[in-house]
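Biologist: Before I plan anything at the bench, could you take me through this model, one question at a time?

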Amino acid sequence: MKKLHWGAWAFIVIICLQACRKETPAVVEAAPTEDSVNVTVCDSDTIIEDAPPAAADGLFADFIYDFMRRKQFQLSRIAFPLPVNTNGKEKRIAREAWKFDHLFAHQDIYTIIYDNPKALQADKDTTQTHVKVEMIKFKEGTICQYIFNKQRGQWMLTAIDEHSLSGTTDKDFYTFFHKFATNTDFQQSHISNPFDFKTYDYDSFQELEGILDAAQWVDYRPEMPTNLMVNIRYGKAQPQSKFRALAIISISAGMGCTMEFRHRSKGWMLTRLEN
């Protein structure tokens, strides 16, 4: 069996998580005919008041960056009265009741889950029309989904849905990944031996690719979300798929890695790491 060994360099991706800072939202009365809900209030120093760039409706990543930081832009991109479903009970929030929501602007990282190998470039596809931003709280066992749809060429927040994690479409993979990220013994037993590995040497400007033994995983594994996981899903989930690729992306540095998993007889197994 071939192994990769590099004595001249070592490349380890470490991404630090910070807890999301949230403030207690003020109680705001909605319009008389509509129910209101509380949303997260953004710190004033994250609000940008100038107009967003003209390309804000190209890639969803560009749009959401502005949506999380520009107050007036956010207001203009919400389909009011906004339906908010909490554990099966729906309310509608009026424009007058909305408080600026920074979503994951204060997080250091977010993830993208792909359930089809052909969809690995979905985040770079300007023809996408449906995206969910998911806030998954493993300890509480809940998931809050912000649902965005592109309407007449513009991204709009069209609904918010919060419910139990056990009731979500891809609960099997989420449950697996949380245990994979928090239990080292479980993690080691769910790594293919060997597994594929690819990285980039910034000194030689070359891609390096090969295989590693499962025992070498500890030298290259990334820091993974353990309690709060912010995930972006492009298109509709395909829970029946036996493939998952989970990209961990740093908001500030633009760095990241991708872990690929395949469902086999032992369950989900990590088969590839790329950073």
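Modeller: What follows is a set of questions and answers on a predicted model, going from the sheet to its helices, cores and charged pairs.

Biologist: In which order do the strands of the open sheet stand, and how many are there?
Modeller: Strands of a sheet pair through backbone hydrogen bonds, either parallel or antiparallel. In this model the pairing within the open sheet is mixed, and neighbouring strands are turned by 20° against each other on average when direction is ignored. The sheet holds twelve strands, in the order β2-β1-β6-β5-β4-β9-β3-β10-β11-β12-β7-β8.

Biologist: Which strands stand at the edges of that sheet?
Modeller: An edge strand here has a single partner strand, so one side of it is left without a neighbour in the sheet. The strands in that position are β2 and β8.

Biologist: Which residue in the turn of the β1 and β2 hairpin has a positive phi?
Modeller: Strand β1, residues 82-86, runs antiparallel to strand β2, residues 89-93, and five bridges join them. T86 has K89 in β2 as its bridge partner, and two residues lie between the strands of this hairpin. The turn residue with a positive phi, of about 50°, is N87.

Biologist: Which residue of β12 does F197 stand opposite?
Modeller: Strand β7, which covers residues 191-201, pairs with β12 in the parallel sense, over four bridges. The residue of β12 that stands opposite F197 is L273.

Biologist: At about what angle does α3 run to β11?
Modeller: Two helices can be described against the strands they touch. Helix α1 packs on the sheet, where it touches β4, β5, β6 and β9, and its direction makes about 110° with that of β5. Helix α3 lies across β3, β4, β5, β7, β9, β10, β11 and β12, and its angle to β11 is about 120°.

Biologist: How many residues are in the largest nonpolar core, and which of them touch the most other members?
Modeller: In soluble globular proteins, nonpolar side chains tend to be buried together. The largest nonpolar core of this model has 37 residues, and apart from it lies another core of 30 residues, among them I143, A181, L246 and F261. Within the largest core, the residues that touch the most other members are F60, I64, L103, F104 and F148.

Biologist: How many disulfides does the structure hold?
Modeller: A disulfide is a covalent bond between the sulfur atoms of two cysteines. C144 counts as buried because its relative accessibility is 13%, and C257 is likewise buried, at 3%. As for disulfides, the number in the structure is zero.

Biologist: How far apart in sequence are the parts that D57 and R77 tie together?
Modeller: A search of the whole structure finds eleven salt bridges, and the side chains of D57 and R77 meet in a salt bridge, at 2.7 Å from N to O. D57 lies in the segment before α1 and R77 in the loop between α2 and β1, so the parts tied together are separated in sequence by 20 residues.

Biologist: Are D57 and R77 buried or exposed?
Modeller: The cut-off for buried is under 20% relative accessible area. D57 has a relative accessible area of 17%, and R77 has a relative accessibility of 7%. By that cut-off D57 and R77 are buried.

Biologist: Which residues are joined into one network by salt bridges that share partners?
Modeller: R244 forms a salt bridge with D170, with the closest N and O atoms 2.8 Å apart. R244 lies in strand β10 and D170 in the loop between β6 and α3, so the pair ties together parts that are 74 residues apart in sequence. R244 is buried, at 0% relative accessible area, as is D170, at 4%. The network joined through shared partners is D115, E134, D170, R233 and R244.

Biologist: In the salt bridge of R272 with E209, is E209 buried or exposed?
Modeller: The closest N and O atoms of this pair are 3.3 Å apart, and the pair links R272 in strand β12 to E209 in strand β8, 63 residues apart. R272 is buried, with a relative accessible area of 14%. E209, at 51% relative accessibility, counts as exposed.

Definitions and conventions. Residues numbered from 1 in each chain as written. Predicted model: local features only at pLDDT ≥ 70, side-chain atom pairs only at ≥ 80, totals over all residues. Heavy atoms only, no water. Pairing = 2+ DSSP bridges. Disulfide = S-S within 2.5 Å. Buried < 20%, exposed > 50% of the residue type's maximum accessible area, 1.4 Å probe, protein only. Core = buried A, V, L, I, M, F, W, Y, C linked by side-chain atoms within 4.5 Å. Salt bridge = Lys/Arg side-chain N within 4 Å of Asp/Glu carboxyl O. Axes fitted to C-alpha atoms, helices over the stretch in contact; angles between N-to-C directions. Contact = heavy atoms within 4.5 Å.
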